[in-house]
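Grab a pencil and work through these short exercises with the model open beside you. Try each task before you read its solution.

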Amino acid sequence: ALIGWAFNTKLRKTPQPPDIASALAWAKRASLPLSVLNDPKERPRAIRAALDACSRTLDGRAAAATTTRRKRAVLYNALGYAVELGELVANPVDTVQWRAPAVAETVDRRVVASPAQMRELLAALTYVGRRSGPRLRAFFALLYFAALRPSEALDLRIQDCHLPRKGWGTITLVGTEPEVGKAWTDDGTRTQRRGLKWRSTKTTRPVPIPPELVAILRDHVKTHGTSGGRLFATATGGRVTSAAYYRAWRKAREYALPPELVASPIAGRPYDLRHGGVTLWLNAGVPAPEVARRAGHSVDVLLKIYAGCVDGQEESVNERIGKALAA
């Protein structure tokens, strides 16, 4: 009721079904008045209760650190808007001593697949359904061999691809197409086209792609064509949803990997393929600024996230420590 009606500006003032109206009436009765947050005595208790709720799941267990931080940010922004409207004097979250749990910012190297494993996974996709798996093979290849975000791959157009018959090609990223839900888009579709992440709407990002990926994309276009210029669409020309590509990826892992690896975190999520691609570039000796440019990161964020995935120094470091111990 809150997400679909109270927080949705398009539906907020429309007639409400009885169950929705009842739920919103209950939420209004059960909610504290904003005046509590302007009361120095009542405010700490109320804010601490809200923050503690952010750190728990519905069954009372401790929530993941990323979940807690995300919910705390939503609460903080909502109360900041109340300050902007003049309903509160200051953001009450700043008045209590409460620390969100630390979030692991580095990539777990166990999720990184090798090129050989990736090729097995891509081959397995051709056995996932008659249409869905084969149509998504090039999509998953882009996540690994070009280190794209899923929303960037879904927005890729044929006119932004240079796919020569031989040698390296280039794709030029001009936007993303994240899935936000039909209720929140202007045209009622599940996705909404935006600029590149953390970039202005006019910024583009050219990414060189290896011959192996060029061949996969050429075969995809030849076999499945395009839809309004977009490389990836359903068999009926619709947009590919996250549920669809997650479902295909789970099946591909079951077909391609032995049971012990299916149970492991390796390439567990489609986004892990991007981690694999970036890790591959770094371990190949590509300078960090160039890796960051291709991946759409800043250099400092790149090194912070992928610090635990870079190989090649352990042996020399161990040798130095061994000499020190023998001295």
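**Exercise 1: an arginine in a strand**

Task: Is R205 buried or exposed?

Solution: Start with the relative accessible area, which is 7% for R205. Buried means under 20%, so R205 counts as buried. Keep in mind that this is a predicted model. Next, place the residue: R205 lies in strand β3. Finally, look for a partner: the side chains of R205 and E152 are joined by a polar contact of 3.1 Å.

**Exercise 2: two faces of β3**

Task: Which side chains of β3 point to one face and are buried?

Solution: Walk along residues 205-209. R205, V207 and I209 point to one face and are buried, while P206 and P208 point to the other and are not. Why the zigzag? In a regular strand, side chains alternate between the two faces of the sheet. Now add the neighbour: β2 (residues 169-173) pairs with β3 in the antiparallel sense, over five bridges. One pairing to find is G169 with its bridge partner I209.

**Exercise 3: the core**

Task: Which helix gives the most residues to the largest nonpolar core?

Solution: First, the core itself: it has 42 residues, and among those touching the most other members are M118, F139, I171 and W249. Several elements each supply at least two residues, including α5, β2, β3 and α9. The top contributor is α6, with nine residues.

**Exercise 4: out on the surface**

Task: Where does F7 lie?

Solution: Look between α1 (2-6) and α2 (18-30): F7 is in that loop. Its relative accessible area is 52%, so F7 is exposed. Together with L2 and I3, F7 makes a nonpolar surface patch of about 320 Å².

Conventions:
Residues numbered from 1 in each chain as written. Predicted model: local features only at pLDDT ≥ 70, side-chain atom pairs only at ≥ 80, totals over all residues. Heavy atoms only, no water. Patch = residues over 30% accessible without salt bridge, like charges linked within 9 Å, V, L, I, M, F, W, Y side chains within 5 Å. Areas by Shrake-Rupley, 256 points an atom, 1.4 Å probe, with all protein chains shown as cover. Salt bridge = Lys/Arg side-chain N within 4 Å of Asp/Glu carboxyl O. Helix = DSSP H or I, 4+ residues; strand = E, 2+ residues; numbered from the N terminus. Buried < 20%, exposed > 50% of the residue type's maximum accessible area, 1.4 Å probe, protein only. Pairing = 2+ DSSP bridges. Polar contact = N/O pair within 3.5 Å; in protein donor to acceptor, adjacent residues only side chain to side chain. Core = buried A, V, L, I, M, F, W, Y, C linked by side-chain atoms within 4.5 Å.
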